[in-house]
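Please look through the structure shown below before reading on. The report that follows takes up a few residues, some charged pairs and one pocket in turn.

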Amino acid sequence: MRPGGGDRRARTVATLATVLLLGAGPAAARDAAGLVVEDPHFGEVLFYFYQQNDFDALTHLMAAQASGRVANHDVEAELLRGGLFLAYGQHRDAGKIFNRLLADVSDPVVRDRAWFYLGKVRFQRARYGEAEAALRQVQGNLPPGLEAEHVLLLAQSLMAQSRFAEATTVLDGWKGAADWTAYTRFNLGVAQVRNEQLEAGARMLDRVGMMSARTPELASLRDKANLALGYARLQAGEADQARAVLQRVRLQGPFSNKALLGVGWADALQDNYRSALVPWLELRDRDLLDGAVQESLLAVPYAFGRLDAHGSAVDHYLTALDAFGNEIARLDVAINRARDGELVPALLRTDDPEIGRWYWQLEDMPDSEDGRYLYQLVADHAFQDGLRNYRDLLGLHDHLQEWQDKLAAFEDMVETRAEAYAERLPPVAARMQGVNLATLSDRRDAVAERLTAIRATRDVAGLATADEQAQWEILTELERSPAWSHPDAAEAREKQRVLKGLLSWQLDADYRFRSWQQGHELAALDKALLESDRGMQEVYAARDQVPEFLADYRARIAALQPRLNVMQDTVLAVLGGQQERLQLYAVNELEAQKERLLTYRVQARFALATIYDRADAQVAERGDPQ
Amino acid sequence: MKQSRNFWWPRLAGLLLASLCFAMPAGSETVAPVIDEEVQDLKAEVLNLNRELFLLEEELLFPANTQIAVFVSMDVGEFFALDSVQVKLDGKDVSNYLYTEREVTALHRGGVHKIFLGNVKTGDHELVAIFTGEGPHGRDYKRGATVNFNKAIGAKFVELQITDRELKQQPEFFVREWE
């Protein structure tokens, strides 16, 4: 719409990639520095998009595309729509868009983005081989932010196919943004450890584990790297190195419990149970839901047992049995709550309505019993996706309800307009009949003709005012009087001559101005007549079009109403099914936790029985009746 | 030593495996579960329906012949922290919008806010925009901008643009008609 040079368009395309970093990185970049908006409606879409309000962004974009209001951003709009579909969980629609762009667009910048996003779509559909193929089509035209994600995604696709060596090659030596580098190094280290290249993996994990973290996200990644490396060292039997690495994990954080447990194991590995008790006893007072804390309840009495402090071992086994029993009872309550359908709404109560797209963060878990039990569950992406779908469906249901209300109002509005039209039409028609533009036009032509004649003969009196004409008439009439030629009228004749000459001089002097003035007024009259004619045409058009528009609105409303009804019922049905699935998921997770605690309880009881048996045997050996 | 390992070694292996999960930044790729196929279909249908309803609403309430849309945009905006914009059309207040921080950030990034959507007759009109916020040196700042425009047949779009005037270290406010 705006005059825009080629350089502007180039800038737009070049910066759009940045726009399309849909929640893709540590920076969660949605920036578009330098983006020149050439259609205001495209800018409006971005306004919603930058607020992470993806649903409204999609709605506005789809409507703007349908009404041809983003013509200057056709390719960018399609890329954005594909990206928004992807962010909104519509992988299939996103895939169609990117495939179409690849078929239609030859611009390598756009093609690289399309290949990248297609790879992303396929990855999300667990089609790792195809994802890899798409990602390998990228020809180096991605901006740094996307390129970082591209490399990471390609490596992930390879890792998912158990091709760790190739993943290592892809990641090795790659240098991207600091945050991405940290994630990449971590993943590379993990891939190498999995690929039994412990020392190479350890070098990578060590670098991440020693980095200075600017954000909580990176601090968490650093802890995770130290934990992974520490456990890998433990499994390799390298107790000292394991301890040193695990002690780098922060004492408070999602990985602290496992780290403390591991430090204890490092000591235990060297038969140093007294030292092992220090971190294990630290775990004793922490949240029992954590697997590491549950382990510690068994590890502490075990260590006491190894130190021949059987009395303390018995005490701690009894404490563990109590704790396990209480926790199992609480889990039973939570399982019942989950089965009764109270769980999912409780999880969504802490949802921030301002944020359209969100992922549960472990630090932001709802401070409730259910939230506490579902810590592990909510950390699982499959459950998050399910919860996200549920939330999206709830949003859709609300949207549909709003449209139901609006549609009823639209129907009323159309009928009111129809009534108003029927009421106003007769008086308007009558007034229109009274207007005869042709007569007015004829009169204008007559005036124009007269002016032309006056100009042709320079008839200065023709442009005289009414008063002047009357004066001219009087002066001329005097000449026709019978007494005009009488000698006594000489003085009167002289006066008449002077006055007529004066009037004639005045008319002559004003002639040019008056001629111009008349022409100007005639032009104004032409314009007014044209406006009137256009107005009349508009009224005629409105008279004819209004019934057509009203009929069109009625037809559209009539067609949309049943679709809306069906859609609302379907959303409700799917919502119910989705809630049941989430509940089942949650119940299974809680049952698994309970099962683990039951196993621990059996182990504790068995260990306790063993201690009692040994004590009995010792007593029997000594022949001591006590 | 061996006996001791038997106690915790299997559990260590389990925890090691758990700690060797790949890490991805928040919000990045995960594999979508199969169950969401059904939800995807539904969302796609609702999105299409939503688009049609959205267009119907706009055409019904703001027909193209009389439609006027006023947009607010910001180019750089270093010398002005936007609080609110007031729009007057032919002397009447038609919008008075107070911006949230999130919205101002979206404007800074290149988003364009549709502050007013309404109807006007064809012919000449006057639009006045009053911008309020914090100007250079943290001072309260209020400025107006006016445009006289002709509404012909077809929708009319007007942009209120906030830009920086580097030389004077001051913000500038433009009202611009879209062709």
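## An arginine and its surroundings

The side chain of R514(A) reaches as far as the backbone oxygen of L463(A), at a distance of 3.4 Å. This distance, like every other value in the report, comes from a predicted model. R514(A) itself belongs to helix α24 of chain A, which covers residues 490–622.

Is R514(A) buried or exposed? With a relative accessible area of 13%, R514(A) is buried, because a residue counts as buried when that value is under 20%. If neighbours within four places in sequence are left aside, the residues in contact with R514(A) are L463(A), A464(A), T465(A), E468(A) and L507(A), so that L463(A) appears here as a contact and also as the residue whose backbone oxygen is reached by the arginine side chain.

## Charged pairs

Side chains of opposite charge can pair when their charged atoms come close. Over all chains, the count of salt bridges comes to 39. One of the pairs is formed by the side chains of D332(A) and K594(A), with a distance of 2.7 Å from N to O. Because D332(A) lies in helix α17 (residues 310–339) and K594(A) lies in helix α24, both of chain A, this pair ties together parts that are 262 residues apart in sequence. The two partners are placed in separate classes of accessibility, since D332(A) counts as partly exposed at 29%, whereas K594(A) is buried with a relative accessible area of 19%.

Another salt bridge joins R497(A) to E494(A), and here the closest N and O atoms are 2.7 Å apart. Both of these residues lie in helix α24 of chain A, where they are 3 residues apart, or about one turn of the helix. R497(A) is exposed, with a relative accessible area of 51%, while E494(A), at 38%, counts as partly exposed. In chain A, moreover, E132(A), R136(A), R163(A) and E166(A) are joined into one network by salt bridges that share partners. In chain B, R165(B) forms a salt bridge with E172(B), with 3.4 Å between the closest N and O atoms, and R165(B) is partly exposed at 34% relative accessibility.

## The second largest pocket

Rolling a probe the size of a water molecule over the atoms shows where empty space is left. The second largest pocket has a volume of about 1,700 Å³. It is lined by 47 residues, of which A542(A), V546(A), P63(B), N65(B) and T66(B) are the closest to its centre.

Which elements give two or more residues to this lining? From chain A they are α2 (40–50), α3 (54–66), α21 (381–434) and α24, and from chain B they are α2 (36–61) and β6 (140–151). The element that gives the most is α24(A), with 15 residues. Sorted by class, the lining of this pocket holds 21 nonpolar, 11 polar and 15 charged residues.

## A buried phenylalanine

F116(A) is found in helix α6 of chain A, which covers residues 108–124. With a relative accessible area of 0%, F116(A) is buried.

Which residues are in contact with F116(A), once its neighbours within four places in sequence are left aside? They are L135(A), V138(A), L142(A), L146(A), E149(A), H150(A) and L153(A). For one of these contacts, E149(A), the separation from F116(A) is 33 residues in sequence and 9.2 Å in space, taken from C-alpha to C-alpha.

Definitions and conventions. Residues are numbered from 1 along each chain as its sequence is written. Chains are lettered from A and ligands numbered from 1 in the order in which they are written. This is a predicted model: local features need pLDDT of at least 70, side-chain atom pairs count only at pLDDT 80 or more; totals for chains, interfaces and linings use all residues. Side-chain values use heavy atoms; hydrogens and water are left out. Helices (H or I, at least four residues) and strands (E, at least two) are DSSP runs, numbered from the N terminus. Buried means under 20% relative accessible area, exposed over 50%, partly exposed in between (1.4 Å probe, protein chains only). A polar contact is a pair of N or O atoms within 3.5 Å; within protein, one must be able to donate a hydrogen and the other to accept it, and residues adjacent in sequence count only if both atoms are side-chain atoms. Contact means heavy atoms within 4.5 Å. A salt bridge is a side-chain nitrogen of Lys or Arg within 4 Å of a carboxyl oxygen of Asp or Glu. On a 1 Å grid over the protein atoms alone, a cavity is a set of points where a 1.4 Å probe fits but cannot get out, and a pocket is an open set with protein on both sides within 12 Å along at least five of seven lines; lining residues have an atom within 4 Å of a point. Grid points are joined across faces, edges and corners, and a volume is the space filled by probe spheres set on the points. Ala, Val, Leu, Ile, Met, Phe, Trp, Tyr, Cys and Pro count as nonpolar, Asp, Glu, Lys and Arg as charged, and the others, Gly among them, as polar.
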